[in-house]
Amino acid sequence: MTYTQAPRIVTPRLLNERSWTIGSYLSSGGYEGLRRALTMTPQAIHDQVNTANILGRGGAGFEAGRKWGMLRQSQPVYLTINGDESEPATFKDHALIEGDPHQLIEGAVICAYVIGAAQVFIFVRGEFPLAIERLQAALNEAYDYGAVGANIFASSFSVDVVVHPGAGAYICGEETALLESLEGKRGYPRIKPPFFPAVMGLYGAPTIVNNVETVSNLPWVIQNGGDSFAALGEGRSKGTKLLALAGHVKRPGNYELEWAKATFRDLIFDPALGGGIRDDNELKAIIPGGVSSPWIGPEHLDVSLSNEAIAGIGSMAGSGSVIPMDHTACMVRAAWRIVRFFHRESCGQCTPCREGGGWLEKILERIEMGQGREADLDLLMDICDNISPGVTWPPAQTTICVLGPSMPPSIAAGMSRFRDEYLAHIREGRCPFPPDRLPRRLARV
Amino acid sequence: MARLTPDNVVRAQELVALYPEKRSALIPILHVLQEQDGYLSEDGMLHVGEIVGLEAVEVKGTASFYDMFHFEPVGKYLVAVCTNIACMLQGAYRLLEHAEEALGVAPGGTTADGMFTLEDAECLALCGNAPCLTVNWRFFGDVDPEGFDVLVDDLRAGRLEAEVPPHGTLSRVGRRQGLRALPPGGPGRDEAALAGEDGAGGDGMAAAHVAPGSAIDLSTRRSTAATAVVDAAHLESPK
Ligand SMILES: Cc1cc2nc3c(=O)[nH]c(=O)nc-3n(C[C@H](O)[C@H](O)[C@H](O)COP(=O)(O)O)c2cc1C
Ligand code: SF4
Ligand code: FES
């Protein structure tokens, strides 16, 4: 099983004692990547990153090196690290910030050096006070050590890093909303174009926004070379990927695996990884890449966990969250909970998302409560079509951002795979699944 | 309640100094205000507006977008039970229902003694330890109804004061340095800021000198701190 033999790039230190302190970090080669980077030209590092072909780990999978290359040539330039992680069932960045904040700082400073950033803002979800504390403490240590601040490691490069707390809004993970929030405003996604903050970002200046896991790869890439990174994985999916496995498995957790080498079956059933479905139940469906992604079925177990392969079966690798659901899971309830989340988090700028989300939530709720009508199925699809014309994948968009179009996939999956289950709710006038996991007063919420 | 205390005004000014534009410090300063009073009062928001150069209506208009900010006092402990997909699949609604019964309030409600406010939360990014909850945003994973009762007892009896700071405390570690935090011409501000922190003596800043992370070890309760380790154990390669 080759996928288990690959080096761990972003998680090797998480087991170390007090892994979040500088003493622990330095004892395992910490900040050597930055020292080395500062002896290289920014262009040479950029070339290494292009060779490594690091796909953004925040969900969209855009090549980091290519993004940096799109920077508009004007000063100042800002770097913003996206640590807002709120995609349901994704918990990898949370672990990286809390467990290895120095790696994140080192990666961020390397990136800042390449793009010539005047300042770095690490936007951390407000609900992670422990992560914020550890990151700020690590930053204080890094300033003392000379790895951040003026004349880093006696070079001519200086940069300031600021930890910025969010305040509870999923939409601030969307990069333009994040920038609005960082400017002290409501987190409204910006109208595109311009599509990339690299052209117009924070305070209108060119800005790179990268995910926590994306930049956490950089110290390793500098130390080992872009070639070694690109030697891992396959196709566009290079290096390793940190996968957050949750839901109905025996051993949920974060697993760093060589990318594109393991399959869903490996991740879910390998005794060293997921260990199988809980109570050895039957697998019913998998949400393969965060709750925005279209669900897949047991017939896809042998699909490789790579960006391309998952896209090939009409879904996406997204944020790297994998949620298997067993045969006791109600597909209506699961879709309802996902839609409820998006509706709650809709920023309200676009009518299809703001209103459509509410209607979808209400209709799913009444089906789940046994008060649905058969016409509801068409009604659901009609509303989905209004949010995302054609209900295709990747989704067509009538909205400013893709939060709205993230609602239809869970419903469309239910309609095509589990139509009978929807109909059973309607005909029997109740949810046919075990009541122990059924909210007694669903109608209240 | 009140405007920012003089010590918190110093903290607010330090926050303003970190950003190229004043307004960027708005949300961090609102966290300071919420830490001070437990919620955002009208007077407080007016004061914050004066500091960052915004009308009170702009401050409130912005703050009201964000779920973490409260405009009415909340309980001493804000108990947020995640009911999102991974937790729901592991019985989160049973846990929430148990919490409602144990505390005698529905989500959004505060107990009569002012101890607890219950919330029905979205994913807290602790899905590997589902079902989970946070108390004042400090994590508790793998919580079953019995575990919930023990937790509530411990909180009531004051046994978790060290692990769970008061609601609103976002950061117990102060920023010490930075290019922008230094006055032109060299160091010095660092010490001044530290002195200010010492002088503040509030909960938030008093802990600024605690070795990072050492004050918060919830490992026996499987907080996130433990999760990183527990999950990392999974990362061990099989032989
Ligand atoms: C609704 C929405 C939520 C998002 N949430 C996150 C998030 O929590 N963390 C993240 O890194 N990216 C998130 N993204 C993706 C970001 O917009 C952006 O693509 C990413 O941060 C870029 O970094 P990367 O290229 O390194 O992946 C989200 C996107 C959308 C549309
Ligand atoms: S799609 Fe929804 S979340 Fe995105 S901008 Fe429109 S209303 Fe806001
Ligand atoms: S779904 Fe509950 S913490 Fe993520």
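**Close-up 1. The surroundings of ligand 2.** In this predicted model, ligand 2 is surrounded by 13 residues, each with at least one heavy atom within 4 Å of the ligand. The closest of them are Cys347(A), Gln349(A), Cys350(A), Cys353(A) and Cys401(A). By class, the shell around ligand 2 holds eight nonpolar and five polar residues and no charged ones, where Ala, Val, Leu, Ile, Met, Phe, Trp, Tyr, Cys and Pro count as nonpolar, Asp, Glu, Lys and Arg as charged, and the others, Gly among them, as polar. Residues are numbered from 1 along each chain as its sequence is written, while chains are lettered from A and ligands numbered from 1 in the order in which they are written. Because the model is predicted, local features need pLDDT of at least 70 and side-chain atom pairs count only at pLDDT 80 or more, whereas totals for chains, interfaces and linings use all residues, and side-chain values use heavy atoms, with hydrogens and water left out.

**Close-up 2. A four-stranded open sheet in chain A.** The strands of this sheet follow the order β8-β7-β10-β9 (chain A), and their pairing is mixed. At its edges stand β8 (253–258) and β9 (283–287) of chain A, each of which pairs on one side only. Neighbouring strands of the sheet are turned against each other by 30° on average, direction ignored, an angle taken between axes that are lines fitted to C-alpha atoms. Strands here are DSSP runs of E with at least two residues, and helices are runs of H or I with at least four, both numbered from the N terminus; two strands pair if DSSP finds at least two bridges between them. Between β9(A) and β10 (residues 321–326) of chain A, the pairing is antiparallel over four bridges, and Ile287(A) stands opposite Ile323(A) in β10(A).

**Close-up 3. The buried strand β4 of chain A.** Five of the five residues of β4 (residues 207–211) of chain A are buried, so this strand is largely enclosed by the rest of the structure; buried means under 20% relative accessible area, with a 1.4 Å probe and protein chains only. Both faces of β4(A) are covered, with Thr207(A), Val209(A) and Asn211(A) buried on one side and Ile208(A) and Asn210(A) buried on the other. Strand β1 (residues 78–83) of chain A pairs with β4(A) in the parallel sense over five bridges, and Ile81(A) has Asn210(A) in β4(A) as its bridge partner.

**Close-up 4. The fold and sheet of chain B.** Chain B contains 10 helices and four strands, and of its 239 residues 58% count as buried. From the N terminus on, the elements of chain B run α-α-α-α-β-α-α-β-β-β-α-α-α-α. Its four strands form an open sheet of mixed pairing in the order β2-β1-β3-β4 (chain B). Each of the edge strands, β2 and β4 (138–140) of chain B, has a single partner strand, so one side of each is left without a neighbour in the sheet. The twist from one strand to the next averages 25°. Strand β3 (residues 133–135) of chain B pairs with β4(B) in the antiparallel sense over three bridges, and Thr134(B) stands opposite Phe139(B) in β4(B).

**Close-up 5. Residues from both chains around a shared lining.** The second largest pocket is lined by 24 residues, and those nearest its centre are Arg344(A), Asp67(B), Glu119(B), Asp120(B) and Ala121(B). Both α14 (331–345) of chain A and β2 (116–121) of chain B supply at least two residues of this lining, and β2(B) gives the largest share, four residues. By class, the lining has 10 nonpolar, six polar and eight charged residues. On a 1 Å grid over the protein atoms alone, a pocket is an open set of points where a 1.4 Å probe fits, with protein on both sides within 12 Å along at least five of seven lines, and lining residues have an atom within 4 Å of a point.

Definitions and conventions:
Axes are lines fitted to C-alpha atoms, for helices over the stretch in contact, and angles run from 0 to 180 degrees between N-to-C directions. Buried means under 20% relative accessible area, exposed over 50%, partly exposed in between (1.4 Å probe, protein chains only).
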